[in-house]
Amino acid sequence: MSGREQLYIAEAFESNWIAPVGPHLTDFEKQIATYLGVDGALAVSSGTAAIHLALRILGVGAGDTVLCSSFTFVASANPIRYVGAEPIFIDADPESWNMSPAALQRSLEDAIQSGNLPKAVIVVHLYGGMADMKKIMDICNRYNIPVIEDAAESLGTTFEGRQSGTFGHFGVFSFNGNKIITTSSGGMLVSNDLVALDKARFLSTQARDEATHYQHSQTGYNYRMSNVLAGIGKAQLEVLDNRVESRRTIFHTYTDSLSSWEEIVFMPELSEVRSNRWLTTITVDHLESDRIVQQLLKSMFEANIEVRPLWKPLHLQPLFSSTKFYSHEEGAEAVCEDLFKKGLCLPSGSNMSVVEQQRVCTVIESVLQSICKESAISIS
Ligand SMILES: *Cc1c(COP(=O)(O)O)cnc(C)c1O
């Protein structure tokens with residue numbers, strides 16, 4: 001927390017707005033919309049809820065298909081199933097680790113052939129990086145398919161100076177506890193389409209028709225954010241830019257400390273992108289990368305340092321075992337499968353000290369030293 005959260009929470013208590021309505025909620029939505037440069041925002045209970053609402057507003061339903069990044073957290077795709085549709089997964093591009101424009105293009109050519117165009121594309125911006133939104137938007141506009149940007153991990157990231165989440169028809173953000181700013185749990189749906197946002201607001205509050213009694217003609221949800229949590233969100237938004245700077249500094253400390261190890265490759269950043277570096281992520285580039293990654297996980301665990309593998313691609317999840325997948329290069333190994341095998345997320349909290357980062361690097365270097373030396377001996 002940044003310091004002013006208690007103040008705003010107290011305001012909510014004093015004014016007795018302890019409900020999913022109130023002045024903090026209105027302020028928070030306006031401030032997010034202003035920060036991003038979009039016309040409107042709707043604060044909801046989670047990022048997942050925001051994706052669900054976007055799909056509902058776009059009229060996605062039973063029998064439809066939706067294209068979605070494969071290299072992501074399951075929450076990007078679960079809402080596709082909530083509305084009875086089926087995902088088709090798209091590989092990552094090695095230049096961005098995010099949606100491959102080449103694979104997206106091929107999937108749409110196939111869809112045209114079979115006469116069954118997808119109803120929407122969900123493009124995810126992972127770990128604070130961004131997909132090549134110029135290419136992605138060009139392709140989707142050519143086929144007239146609406147885009148939902150899952151920007152849950154990329155609040156504050158820009159592409160040619162424009163904020164992530166503002167390129168598609170809808171942008172989605174998350175304020176879950178692990179994100180760059182948090183309301184403990186929460187999310188935001190943003191758009192320049194204010195009519196669509198009004199519909200989403202209606203659906204998010206149980207879809208109550210205009211009448212003095214309780215009347216309903218559509219299935220709605222209880223998805224609105226509480227005014228208390230919106231107070232936390234306002235205080236967090238005040239420190240967002242500082243957090244982005246901290247996370248970028250943490251990233252640069254890691255890259256400087258490990259610069260002599262060409263086996264450690266950091267997540268790339270497209271030249272148009274300024275990443276919020278939500279997490280510093282690496283892949284191990286070595287003949288024995290599997291063994292190094294396993295040893296890194298083990299040694300970090302023993303040193304009480306939390307590291308995790310990169311996202312397991314969704315097309316490899318048992319939940320989605322029967323779904324279609326388009327790889328970046330036809331016939332080649334999927335980029336996201338390779339990233340999953342060779343990748344790790346490093347500790348990246350905004351308040352991490354240089355000493356703490358050095359402790360992480362020491363473990364990484366000792367693992368590399370032992371395995372790389374060993375394999376150099378066995379090769380000679
Ligand atoms: C966190 C996250 C979500 C879901 O957000 P919640 O607020 O936890 O529902 C969706 N997509 C991605 C990529 C995420 O990291």
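1. A good place to begin is with what counts as near: a residue is near a molecule if one of its heavy atoms lies within 4 Å of it. By that rule, 15 residues surround the ligand, and the closest are T48, D150, E153, S174 and K179.

2. A word on the basis of this note. The model is predicted, so to speak a computed one, with local features needing pLDDT of at least 70, side-chain atom pairs counting only at pLDDT 80 or more, and totals for chains, interfaces and linings using all residues. Residues are numbered from 1 along each chain as its sequence is written, and side-chain values use heavy atoms, with hydrogens and water left out.

3. Now look at the polar contacts, meaning pairs of N or O atoms within 3.5 Å. A polar side-chain atom of T48 is 2.5 Å from an oxygen atom of the ligand. The side chain of D150 has an N or O atom 2.7 Å from a nitrogen atom of the ligand, and that of K179 has one 3.3 Å from a ligand oxygen atom. The protein covers 94% of the 380 Å² of accessible area that the ligand has on its own (Shrake-Rupley method, 1.4 Å probe).

4. What classes of residue form the shell around the ligand? There are four nonpolar, eight polar and three charged residues. Here Ala, Val, Leu, Ile, Met, Phe, Trp, Tyr, Cys and Pro count as nonpolar, Asp, Glu, Lys and Arg as charged, and the others, Gly among them, as polar.

5. Where does the ligand sit? In the largest pocket, as more than half of its atoms lie within 2 Å of the pocket's grid points. A pocket is an open set of points on a 1 Å grid over the protein atoms alone, with protein on both sides within 12 Å along at least five of seven lines; lining residues have an atom within 4 Å of a point.

6. The largest pocket holds about 940 Å³ of space, counted as the space filled by probe spheres set on the points. Its lining has 42 residues, with N178, W278, L279, R308 and W311 nearest the centre. Among the elements giving two or more residues to this lining are α3 (47-57), β8 (170-174) and α12 (354-379).

7. Finally, find the largest cavity (points where a 1.4 Å probe fits but cannot get out), with a volume of about 30 Å³. Residues including S69, F71, D91, W97 and L126 line the cavity.

Technical notes
A polar contact is a pair of N or O atoms within 3.5 Å; within protein, one must be able to donate a hydrogen and the other to accept it, and residues adjacent in sequence count only if both atoms are side-chain atoms. Helices (H or I, at least four residues) and strands (E, at least two) are DSSP runs, numbered from the N terminus.
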